[in-house]
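Reader: I should like to understand how the terms used for a protein model are justified. May we take them one at a time?

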Amino acid sequence: MGGTLSDEAAVDQGTVLGIDIGGTKMAAAIVGADGRILTEHRIPTPPGDAEQVFAALAELIGRVEGDVRPVAVGIGSAGPLDQRHGLVSPVNITGWRNFPLVDRVRELVGDVPVELGVDGHCFALGEFWTGAGRNADAMLGIVVSTGVGAGIVVDGRPLLGQSGNAAHLGHVVVDLDGEACACGSYGCVETYASGPRMVARAQRRGWRTSESVDAAVLSADAAAGDEIAVAVFDDGAQALAAGIVATAVTVDLTSVVIGGGVAKAGPVLFDPVQRWVKRLAQLPFVADLSVEPAQLANAGLLGAARLAWDTLA
Ligand SMILES: [Zn+2]
């Protein structure tokens, strides 16, 4: 009865809309059930008040959707956010403070599920779905950039925590006598491993003190063998490894995937991270923990789409 129609429905599950919101860019894509991106656009995040920023996002969504009616929407946003109430307050989008993003997007897309997640979770979920973490039983995804964000995927599901903010790896304390952190604590992973903090640490040791430089310059110098740059990357790697191993023994991880701007440094970062993880992960159940570079250029966007699909599962 109605066999043909049901079969067609099973084959054509429709598409979802994934949205990735960051301080420098906003991206949106129409994504199939297999993780295939059908349409994708991105724009620089505009300055301005809440409505100006939202107007740019609304236009982006309209452009990506065209005539397509997505069956669900997933939004990955820079934090902090209030997942329960659908509010976002991205540190680098000053116009949005407790902005009701979920409700406003729902007004645009009609009566379909709209799910919100922190960008770190979406990154992890994207790499789990179609990237370096494919089929991992328990995976930690880390974004090393101007900050250190992360997400955890266990049994195919993101581990969100009661407020949606779980896996703030950048703020795991790894140095009991460490420097003050932007979060108000001290000795956090981020004080050693974020791009700006690594640059500041190198400059305090006499590296390119009078120049305006960034983590890309630091990683190029480390690759060329500059002693200070190598030492600072090693410190950052040690802090990351301490945070990784703390998470691994807590959650019983099998796999770690690292992406983000600083991770583009390649072996300069990954060699010491792998060495330190090997040194610190001594308990048998974490001894085989794998640490790999991210494979996707748009893991956050794909992870947001996966959030959307998961609302229908
Ligand atoms: Zn902190």
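Author: The questions below concern a predicted model, and each answer sets a value against the meaning of a term.

Reader: How is the chain divided into domains, and how far apart are their centres?

Author: Domain 1 comprises 3-122 + 299-312, while domain 2 comprises 134-293. These bounds come from an automatic or database domain assignment. Taken over C-alpha atoms, the centres of domain 1 and domain 2 are separated by 28 Å.

Reader: What makes residues of domain 1 and domain 2 part of a contact, and which elements of domain 1 supply them?

Author: Two residues are in contact if their C-beta atoms lie within 7 Å. The contact takes eleven residues from domain 1 and eleven residues from domain 2. On the side of domain 1 that touches domain 2, β7 and α4 each supply at least two residues. The largest share, four residues, comes from α4. By character, that side of domain 1 holds five nonpolar residues, five polar ones and one charged.

Reader: How do you know that β1 and β4 pair, and in which sense do they run?

Author: Pairing requires at least two bridges between the strands. Strand β1 (residues 16-21) and strand β4 (residues 73-77) have five bridges, so the requirement of at least two is met. The pairing is parallel, and L17 stands opposite V73 in β4.

Reader: Why are β3 and β7 said to stand at the edges of their sheet?

Author: The open sheet has five strands in the order β3-β2-β1-β4-β7, with mixed pairing. Because β3 (37-44) and β7 (114-118) each have a single partner strand, one side of each lacks a neighbour in the sheet. From one strand to the next, the twist averages 15°.

Reader: Which helices lie against these strands?

Author: Helix α2 (residues 50-65) packs on the sheet and touches β1, β2 (25-31) and β3. The direction of α2 makes about 25° with that of β2. Helix α4 (residues 119-130) lies across β1, β4 and β7, and runs at about 100° to β7.

Reader: What is the strand order of the sheet that contains β11 and β12, and why is β12 an edge strand?

Author: This open sheet of five strands has the order β10-β9-β8-β11-β12, and its pairing is mixed. Since β10 and β12 each have a single partner strand, one side of each is left without a neighbour. Strand β11 (residues 255-259) and strand β12 (residues 290-293) run parallel and are joined by four bridges. In β12, S290 is the bridge partner of S255, and V291 is that of V256.

Reader: What makes the crossover from β11 to β12 right-handed?

Author: The chain passes from β11 through helix α9 (residues 267-280) to β12. With the strands pointing away from the viewer, a right-handed path runs clockwise; this β-α-β crossover is right-handed.

Reader: How do you know that the span of helix α8 agrees with its number of residues?

Author: Helix α8 (residues 227-251) has 25 residues, and at 1.5 Å a residue its expected span is 36 Å. Its end C-alpha atoms are 36 Å apart, so the two values agree.

Reader: What makes the phi values of D155 and D252, and the bond from G79 to P80, worth noting?

Author: Most residues other than glycine have a negative phi, and most peptide bonds are trans. D155, in the loop between β9 (148-154) and β10 (157-158), has a positive phi near 50°. D252, just after α8, takes a positive phi of about 65°. The peptide bond from G79 to P80 has omega near 0° and is cis; P80 is found in the loop between β4 and β5 (81-82).

Conventions: Residues numbered from 1 in each chain as written. Predicted model: local features only at pLDDT ≥ 70, side-chain atom pairs only at ≥ 80, totals over all residues. Axes fitted to C-alpha atoms, helices over the stretch in contact; angles between N-to-C directions. Expected span 1.5 Å × (residues − 1). Nonpolar A, V, L, I, M, F, W, Y, C, P; charged D, E, K, R; others polar.
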